[in-house]
Amino acid sequence: MSDDRELIRAMLGPDGPELTCDECFEALDRFVELEVDGRDADAAIPGMREHLRGCPACSEEHESLLALAREP
């Protein structure tokens, strides 16, 4: 088990998300793309939303990407 997963489980309990920060960053662009397109990002990348709730760094990156994607 990676350190990221141990930290997430410590914060959110044993039923917390399975994503690590590395996995989150790998999938974040796609997650934002799906959100902006109005598609079901949560079904496409399970565990992302839960990870974002528990990880300030990933959450900040998510918000930054959303802001960029929504710029005209």
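The following exercises, with worked solutions, concern a predicted model of a protein chain.

**Exercise 1. Overall architecture**

Determine how many helices and strands the protein chain has, and describe its burial and exposed surface.

Solution.
- Step 1. The assignment gives 5 helices and 0 strands.
- Step 2. Followed along the sequence, these elements give the pattern α-α-α-α-α.
- Step 3. The protein chain has 72 residues, of which 36% count as buried.
- Step 4. The exposed surface amounts to about 4600 Å², and carbon and sulfur atoms supply 50% of this area.
- Step 5. Take the contacts between residues at least 6 apart in sequence: 53% of these join residues at least 24 apart.

**Exercise 2. The largest nonpolar core**

Identify which residues of the largest nonpolar core touch the most other members, and which helix gives the most to this core.

Solution.
- Step 1. The core comprises 16 residues. Those touching the most other members are Cys 24, Leu 28, Phe 31, Ile 45, Met 48, Leu 52 and Cys 58.
- Step 2. At least two core residues come from each of helix 2 (21–36), helix 4 (48–54) and helix 5 (56–70).
- Step 3. Helix 2 makes the greatest contribution, with 7 residues.
- Step 4. For one of the core members, Cys 58, set aside the neighbours within four places in sequence; its contacts are then Cys 21, Cys 24, Phe 25, Leu 28, His 51 and Leu 52.

**Exercise 3. Cysteines and disulfides**

Establish how many disulfides are present, and explain why Cys 24 is not bonded to the closest cysteine sulfur.

Solution.
- Step 1. A disulfide requires two cysteine sulfur atoms within 2.5 Å.
- Step 2. For Cys 24, the closest cysteine sulfur belongs to Cys 58 and lies 3.8 Å away, so the separation is too far for a bond.
- Step 3. For Cys 58, the nearest cysteine sulfur is that of Cys 55, at 3.5 Å, and Cys 58 takes part in no disulfide.
- Step 4. The count by this criterion is 0 disulfides.
- Step 5. As for burial, the threshold is under 20% relative accessible area. Cys 24 has a relative accessibility of 0% and therefore counts as buried. Cys 58 is likewise buried, with a relative accessible area of 0%.

**Exercise 4. Arg 70**

Classify Arg 70 as buried or exposed, and state the separation of its C-alpha atom from that of Val 36.

Solution.
- Step 1. Arg 70 belongs to helix 5.
- Step 2. A residue is exposed when its relative accessible area is over 50%. The value for Arg 70 is 57%, so Arg 70 is exposed.
- Step 3. Arg 70 and Val 36 are 34 residues apart along the chain, and their C-alpha atoms are separated by 7.4 Å.

Terms used:
Residues numbered from 1 in each chain as written. Predicted model: local features only at pLDDT ≥ 70, side-chain atom pairs only at ≥ 80, totals over all residues. Heavy atoms only, no water. Core = buried A, V, L, I, M, F, W, Y, C linked by side-chain atoms within 4.5 Å. Buried < 20%, exposed > 50% of the residue type's maximum accessible area, 1.4 Å probe, protein only. Helix = DSSP H or I, 4+ residues; strand = E, 2+ residues; numbered from the N terminus. Contact = heavy atoms within 4.5 Å. Areas by Shrake-Rupley, 256 points an atom, 1.4 Å probe, with all protein chains shown as cover.
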